[in-house]
Amino acid sequence: MSSSCRRPEHMAPPEVFYNEQEAKKYSQNSRMIEIQTQMSERAVELLSLPEDQPCYLLDVGCGSGLSGDYLSEAGHYWVGVDISTAMLDVALQRDVEGDLLLGDMGEGLPFRPGMFDGCVSISALQWLCNADKKTHSPPKRLYRFFSTLYSSLARGARAVFQIYPENSEQLELITAQAMKAGFTGGMVVDFPNSSKAKKFFLCLFAGVSGVLPKGLGSEAADRAVSGQAQFTAQRSRFKHMKGKCVKKSKDWIVEKKERRRRQGKEVRADTKYTARHRKPRF
Amino acid sequence: MKLLTHNMLTSHVQGVTKGYPLIIKATEVKVNELEFNAQFVSRMIPKLEWKALIQAAEWLGQSQDLPSTPKPNYESVEDFLRKVHRILLEVEVVEGCLQCPESGREFPISNGVPNLLLIEDE
């Protein structure tokens, strides 16, 4: 997206960030389109909808309708909510099949109970974690969103959110409010060992406890994925991130040794001296 | 905004208890053509608030002899399903507004997209 090291939600509120210029990328940048489509595909897969049945779905943060198009292609009907008029304008131009609503998910969803068979959201939920106005309280907004979503979903329906969490505190905040609203479920992480391909999907169940699907690539440690470079700027930055900006802390050293062991290289055993600070002349 | 969506929408302003159904004041309506899917229409009928749907159709001048209650065994009556399909998915409000029946607050509709953004205190 724009700046290489900053997260979009630190730059401006979503209705400002997703202006006409940004919205244009979603209709023209083929790599962006490809990635969004892939994530939509995975989200629908995780929804585990009954086969061969057209469903009524909610797309939160539908934006320019890229994910919505995927839903339509899969034979479903959908309603999309987004806060950016510029993005919705692009969706209208692209003649999407779903019905669009201009709204703020943090204000709660305006639907009668039990209407939707499922909910998807691609790259949107992390926007709720930042307070863009003095009156905003992220936990309150998250809770208002999740509680209204919970009631809008039919019994047994699922909600799948692809998100870019900034850190583990943010993840905890999100999951705490979701659980408080009555959801069960958890995180599915695809390609956890690849910082480029790693994707987070929050899978929530409304009304029934389900089995959490397995993340892709959890067995294969070195799955190569191509063409993901463009998104690394907004990738989650957990304690360990490849690159020179990480401090050479004990955690980092232990992680590196683990990584080399997985690669089959010869590594010294971990002792109490591991990562001990050495004097400069060493 | 399609009438299927309208049937689902309520006012989400805090403190409002009777925010359904939203009154439609349409200045521009259009009718599109959409592929008919009997399975979807049958599945949605039990979810609908039928009275609200009939009322909405009347406001838009699209009543077209829809019965006041859904027919029994509607799954097999294709004619009825097609009428419902038309009113739910093909009729669209392009310009106008939605009004909350309790507070009178209006949500404008522009280009077929209702603006549901709340102001600070709601």
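Biologist: In this predicted model, which residue of S7(A) does A:Val189 stand opposite?

Modeller: A:Val189 stands opposite A:Phe200.

Biologist: What makes S6(A) and strand S7 of chain A a pair?

Modeller: Two strands pair if there are at least two bridges between them. Seven bridges join S6(A) to S7(A), residues 199-205, so the criterion is met. The two strands run antiparallel.

Biologist: In what order do the strands of the sheet in chain A lie, and what is the pairing?

Modeller: The order is S3-S2-S1-S4-S5-S7-S6, seven strands in an open sheet, and the pairing is mixed.

Biologist: Why are strand S3 and strand S6 of chain A said to stand at the edges?

Modeller: Strand S3 (99-102) and strand S6 (184-190) of chain A each have a single partner strand, so each has one side without a neighbour in the sheet. From one strand to the next, the twist averages 15 degrees.

Biologist: What makes helix H6 of chain A a helix that packs on the sheet?

Modeller: Contact requires heavy atoms within 4.5 Å. Helix H6 (residues 138-152) of chain A touches strands S1 (56-60), S4 (116-122), S5 (153-163) and S7 of chain A. The direction of H6(A) makes about 140 degrees with that of S5(A).

Biologist: How do you know that the span of helix H8 of chain A agrees with its number of residues?

Modeller: The expected span is 1.5 Å times one less than the number of residues. For the 13 residues of H8(A), 250-262, that gives 18 Å, and the end C-alpha atoms are 18 Å apart, so the two agree. Just after H8(A), A:Gly264 has a positive phi of about 90 degrees.

Biologist: Why is an empty space in the structure called a cavity?

Modeller: The name applies because a 1.4 Å probe fits there but cannot get out. The search of the whole structure finds four cavities of 30 Å³ or more, and the largest holds about 350 Å³ of space.

Biologist: Which residues lie nearest the centre of the largest cavity, and how does its lining divide?

Modeller: Of 24 lining residues, A:Tyr18, A:Gly61, A:Asp82, A:Ala124 and A:Trp127 lie nearest the centre. The lining has 14 nonpolar, seven polar and three charged residues. Helix H4 (66-73) and strand S2 (77-82) of chain A each supply at least two of the lining residues.

Biologist: What is the volume of the second largest cavity, and which residues are closest to its centre?

Modeller: Its volume is about 120 Å³. Among the 13 residues lining the second largest cavity, A:Tyr77, A:Trp78, A:Glu97, B:Lys2 and B:Leu89 are closest to its centre. S2 of chain A and helix H1 (3-8) of chain B each supply at least two residues of that lining.

Key. Residues numbered from 1 in each chain as written. Chains lettered and ligands numbered in written order. Predicted model: local features only at pLDDT ≥ 70, side-chain atom pairs only at ≥ 80, totals over all residues. Heavy atoms only, no water. Helix = DSSP H or I, 4+ residues; strand = E, 2+ residues; numbered from the N terminus. Axes fitted to C-alpha atoms, helices over the stretch in contact; angles between N-to-C directions. 1 Å grid on protein atoms, 1.4 Å probe; cavity = no way out; pocket = protein on both sides within 12 Å on 5 of 7 lines; lining within 4 Å. Points joined across faces, edges and corners; volume = space filled by probe spheres on them. Nonpolar A, V, L, I, M, F, W, Y, C, P; charged D, E, K, R; others polar.
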